[in-house]
Amino acid sequence: MHFKDRFEAIHFIESKKIIAIIRAKESGSFLDAVKALKKGGIECIEVTMTTPGALKTLEEVGSKIDDVLFGAGTVLDPETARQAILSGAKFIVTPSLHLEVIRLAHRYDIPIIPGAFTPTEILNAWENGAECVKVFPASSVGPDYIKAVKGPFPQIKICPTGGISLENMKAYLKAGASCLGVGGKLVDANLIKNQKWDELTSIAKEYVDQLID
């Protein structure tokens, strides 16, 4: 996918609501996993840098699938962010707040969703140009925290990540989340390991259907 600027890209993510996070111990089945998720309606996928061969995987899936927005997650420093962007990442996600990574992403006109937790960190990320702020780990605080933070910061776009499931995703969106980072509850590592692509597609469809109900 190609966008004219980072704002158009982040708007696409907001419109789709779900970023599927693939954490895998090997990259071999990545392409099939992406196809299964896309078949279920998922169009935004984050490839974590903890995956062996993550940069190569980004290049491969990006060259073979052009109707999914791919991003790089677990980015810890500007150097990794640059490598990910040059490998085809269309958005960057970090687990913590690193202002140099924000600046690097903007240098390439790529949206960044930095990790933050406290109100001070969340505001700091936003004031330094983050298009959206990842509240992580969301499972530690729940939807009520998102609602509380949105009270003084209604302008800040928030992406809760960590522990998002079919059972609580609507509560997070109702609390004011702009989008959701969904990992193991959606992209089950065992399904990938055992190549159960139909089951992965079925779960993805359940998440997408929740957005419609």
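In helix H2, the residues Phe30, Leu31, Ala33, Val34, Ala36 and Leu37 are buried. The model is a predicted one. The cover over these buried residues of H2 includes strands E1, E2 and E3 and helices H3, H9 and H10. The points below start from H2 and its surroundings, then turn to strand pairing, a second sheet and the loops.

**Helix H2 and its contact with H3**

- H2 spans residues 30-39 and H3 spans residues 54-64; their axes come within 10 Å and cross at roughly 45 degrees.
- That angle makes H2 oblique to H3, and the crossing is right-handed.
- On the H2 side the contact is made by Phe30, Leu31 and Val34, and on the H3 side by Thr57, Glu60, Val61 and Lys64.
- By residue type, this contact of H2 with H3 holds 4 nonpolar, 1 polar and 2 charged residues.
- Phe30, Leu31 and Val34, which meet H3, are also among the buried residues of H2.
- After H2 comes Gly41, which has a positive phi near 105 degrees.

**Strand E1 and its partners**

- Strand E1 covers residues 18-22, and 5 of its 5 residues are buried.
- In a regular strand, side chains alternate between the two faces of the sheet.
- In E1, one side carries Ile18, Ala20 and Ile22 and the other carries Ile19 and Ile21; both faces are covered, with these residues all buried.
- E1 pairs with strand E9 (residues 180-182) in the parallel sense over 3 bridges; Gly181 in E9 is the bridge partner of Ile19.
- E1 also pairs with strand E2 (residues 44-48), again parallel and over 3 bridges; here Ile22 has Val47 of E2 as its bridge partner.
- E1 and E2 also appear among the elements that cover the buried residues of H2.

**Glu43, just ahead of E2**

- Glu43 sits in the loop between H2 and E2.
- Its C-alpha is 8.0 Å from that of Ile18, although the two residues are 25 places apart in sequence.
- Setting aside neighbours within four places in sequence, Glu43 contacts Met1, Phe12, Lys16, Lys38, Asp67, Val68 and Leu69.

**The sheet E6-E7-E8**

- Which strands make up this open sheet? Its 3 strands are in the order E6-E7-E8, and their pairing is parallel.
- E6 (115-116) and E8 are the edge strands; each has a single partner strand, so one side of each lacks a neighbour in the sheet.
- E6 and E7 run parallel and are joined by 2 bridges, with Ala116 opposite Val135 of E7.
- Helix H6 (residues 119-127) packs on the sheet and touches E6 and E7; its direction is at about 160 degrees to that of E7.
- Helix H7 lies across E7 and E8 and runs at about 170 degrees to E8.

**Loops around this sheet: Pro137 and Thr161**

- The peptide bond from Phe136 to Pro137 is cis, with omega near -5 degrees.
- Pro137 belongs to the loop between strand E7 (133-135) and helix H7 (143-150).
- Thr161 is in the loop that runs between strand E8 (158-160) and helix H8 (169-174).
- Is Thr161 buried or exposed? Thr161 has a relative accessible area of 4%, so it counts as buried.
- Beyond residues up to four places away in sequence, Thr161 touches Ile21, Lys134, Val135, Phe136, Pro137, Ala138 and Gly181.
- The contacts of Thr161 therefore include both residues of the cis peptide bond, Phe136 and Pro137.

**Positive phi outside glycine**

- Thr74 is not a glycine, yet its phi is positive, at about 55 degrees.
- Thr74 lies in the loop between strand E3 (69-73) and helix H4 (78-86); its relative accessibility of 24% makes it partly exposed.
- Asp109, also a residue other than glycine, has a positive phi near 60 degrees.
- Asp109 is placed in the loop between helix H5 (99-107) and strand E5 (112-113).
- With a relative accessible area of 31%, Asp109 is partly exposed.

Methods
Residues are numbered from 1 along each chain as its sequence is written. This is a predicted model: local features need pLDDT of at least 70, side-chain atom pairs count only at pLDDT 80 or more; totals for chains, interfaces and linings use all residues. Side-chain values use heavy atoms; hydrogens and water are left out. Buried means under 20% relative accessible area, exposed over 50%, partly exposed in between (1.4 Å probe, protein chains only). Helices (H or I, at least four residues) and strands (E, at least two) are DSSP runs, numbered from the N terminus. Two strands pair if DSSP finds at least two bridges between them. Axes are lines fitted to C-alpha atoms, for helices over the stretch in contact, and angles run from 0 to 180 degrees between N-to-C directions. Angles under 35 degrees count as roughly parallel, over 145 as roughly antiparallel, 65 to 115 as roughly perpendicular and the rest as oblique. A crossing is left-handed if the near helix is turned anticlockwise from the far one by less than a right angle, and right-handed if clockwise. Contact means heavy atoms within 4.5 Å. Ala, Val, Leu, Ile, Met, Phe, Trp, Tyr, Cys and Pro count as nonpolar, Asp, Glu, Lys and Arg as charged, and the others, Gly among them, as polar.
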